[in-house]
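Student: Please take me slowly through one part of this model, choosing the part where strands lie side by side. After that, I would like to follow the chain to a few other places and see how they are built.

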Amino acid sequence: MREALWLAERGRGHTKLNPLVGALVVKDGVIRSRGYHAFFGGPHAEIVALKRAGRAANGATLYVTLEPCSTQGKTPPCTEAIIQSGIKKVVIGSFDPNPQHHKRGVRILRKNNIAVSVGLLKNEIKKQNEAFFTRMSKKRPFVTVKMAQSLDGKSATRTGDSQWISGITSRTGVHQLRKNVDAVLVGKQTVLYDDPSLTVRFVSSTKNPARVILDTQGEIPLTKKVFHYATRDQVIIVVSKKVSSRKIALYQKKGISVIQAPLYRQKIDVAFVLKRLVDFHIGTVLVEGGGNVAASFFERKLVDKMFLFCAPLIIGGMHAPTSVEGNGVACIKKAIRFRNVSYSKSGNDYLFEGYPIY
């Protein structure tokens, strides 16, 4: 099962709305085949492993990290393939949280005289698939906020200069985060001040995440780097419903997708945006900036995980922007606290990782 868990990880960043799943066919104590879900819309891990095993699957045991699917989706149900293969036992890491599949696959297999056990390494598997489990329970993409700040909490100087607060090791870590998500989301100010491309660099990758930009009035010049190669990589701009159809047509002509969103307290309604991003097959979102955008997600209790890179420098300045802005809380008792907190060294910086408690 640990090897299946390792195999599943190979699909990270490519399965979109689907979970990470690994599978092995074992017979007479020997691993006969391996498989993992490699990309969204592609064959599931069980199917890959069974096809590679061929006749050796007859009478064998199938180890799979997540409960096999039992309904027709983009691919046929895995339970049917398992039954037809002659597999005699299935060892499952965790039940599928999808209500359509939850425990249904296990019942079907047992009804067809296949022995089933569930729960081996379930905590590790749920951790690996935390984004998928969250999507199933909250019906929206898994949201990670990434921030880089100085020791005094500043994300830029009073003039807006922010390159570079964190060191090269931390910046490389950010690109690894980008590699593993479906979309990177920023606000207008980040694009105007930093002119980022929001692509994956420094680490090996076969794709770039979709780039999502919040721009209420549709004011960002199309010459900015984030709009480059919009016909090759998915770029989505989110504007208010007041932006003209002429402007929207201009975006679309450039290969840019458009979401027209309602406002919430004079800002783009980020809860609405998340639900719309599912239509683009986006299951994981990395929010990178800036402080007001981060505040919009925290204030709506939409942040599932946070990565905070803290650099050993002092910026100062009462007008210098901070990592999280917005209105903030009125008293410490209402501050957002975190669970499962961990710290690690990132070059000369420190990386804080945790899950907000709402």
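Tutor: Two strands are said to pair if DSSP finds at least two bridges between them, and the strands (E, at least two residues) and helices (H or I, at least four) are themselves DSSP runs, numbered from the N terminus. The model is a predicted one, in which local features need pLDDT of at least 70 and side-chain atom pairs count only at pLDDT 80 or more, while totals for chains, interfaces and linings use all residues. Residues are numbered from 1 along each chain as its sequence is written, and side-chain values use heavy atoms, with hydrogens and water left out.

With that settled, the part to look at is an open sheet of 9 strands, and if you go across it you meet them in the order β10-β9-β8-β7-β13-β6-β14-β16-β15, with mixed pairing. At the two edges stand β10 (257-261) and β15 (337-346), each of which pairs on one side only. From one strand to its neighbour the direction turns by 20 degrees on average, with the sense of direction ignored; such angles, which can run from 0 to 180 degrees, are taken between N-to-C directions along lines fitted to C-alpha atoms.

At the β15 edge, the pairing can be followed residue by residue. Strand β16 (residues 349-357) runs antiparallel to β15, and 8 bridges join the two. One place to find on the model is Tyr-343, whose bridge partner in β16 is Phe-352. In general, strands of a sheet are held in pairs by backbone hydrogen bonds, which may be of the parallel or the antiparallel kind.

Helices also lie against this sheet. Helix α7 (residues 168-179) packs on it and touches β6 (142-150), β7 (183-187), β13 (284-289), β14 (305-311), β15 and β16, while its direction makes about 145 degrees with that of β13. In the loop between β6 and α7 you will find Trp-164, and the peptide bond that leads into Trp-164 from Gln-163 is cis, with omega near 0 degrees. Towards the other edge, helix α9 (residues 245-253) lies across β9 (235-240) and β10, and runs at about 150 degrees to β10.

Between β9 and α9 there is a loop that holds Lys-241. With a relative accessibility of 56%, Lys-241 counts as exposed (exposed means over 50% relative accessible area, buried under 20%, and partly exposed in between, with a 1.4 Å probe and protein chains only). Once its neighbours within four places in sequence are set aside, Lys-241 is in contact, meaning heavy atoms within 4.5 Å, with Gln-260, Ala-261 and Pro-262. Its C-alpha atom is separated by 8.7 Å from that of Thr-216, a residue 25 places away along the chain.

Now move to another region, where β1 (22-27) and β2 (30-36) pair in the antiparallel sense over 6 bridges. Val-26 stands opposite Ile-31 of β2, and in the hairpin that these strands form, with 2 residues between them, Asp-28 takes a positive phi near 55 degrees. Lys-27 has its place in β1 and is partly exposed, since its relative accessible area is 22%. Leaving out residues up to four places away in sequence, Lys-27 touches Arg-32, Arg-55, Ala-56, Asn-58 and Ala-60.

Against β1, β2, β3 (61-66) and α3 pack the buried residues of helix α2. This helix is mostly covered, because 7 of its 9 residues fall in the buried class, among them Ala-45, Val-48 and Ala-53. Helix α2 (residues 45-53) packs with helix α3 (residues 78-85) at an angle of about 20 degrees, and their axes are 9 Å apart. That makes α2 roughly parallel to α3, a label given to angles under 35 degrees. On the α2 side Glu-46, Ile-47 and Leu-50 take part in the meeting, and on the α3 side Cys-78, Ala-81, Ile-82 and Ser-85. After α2 comes Gly-54, whose phi is positive and near 60 degrees.

Finally, look at the loop between β3 and α3, where Ser-70 is found. Ser-70 counts as buried, because its relative accessibility is 8%. Beyond its neighbours within four places in sequence, Ser-70 is in contact with Pro-77, Thr-79, Gln-100, His-101, Arg-104, Gly-105 and Ile-108.

Notes: Parallel < 35°, antiparallel > 145°, perpendicular 65-115°, else oblique.
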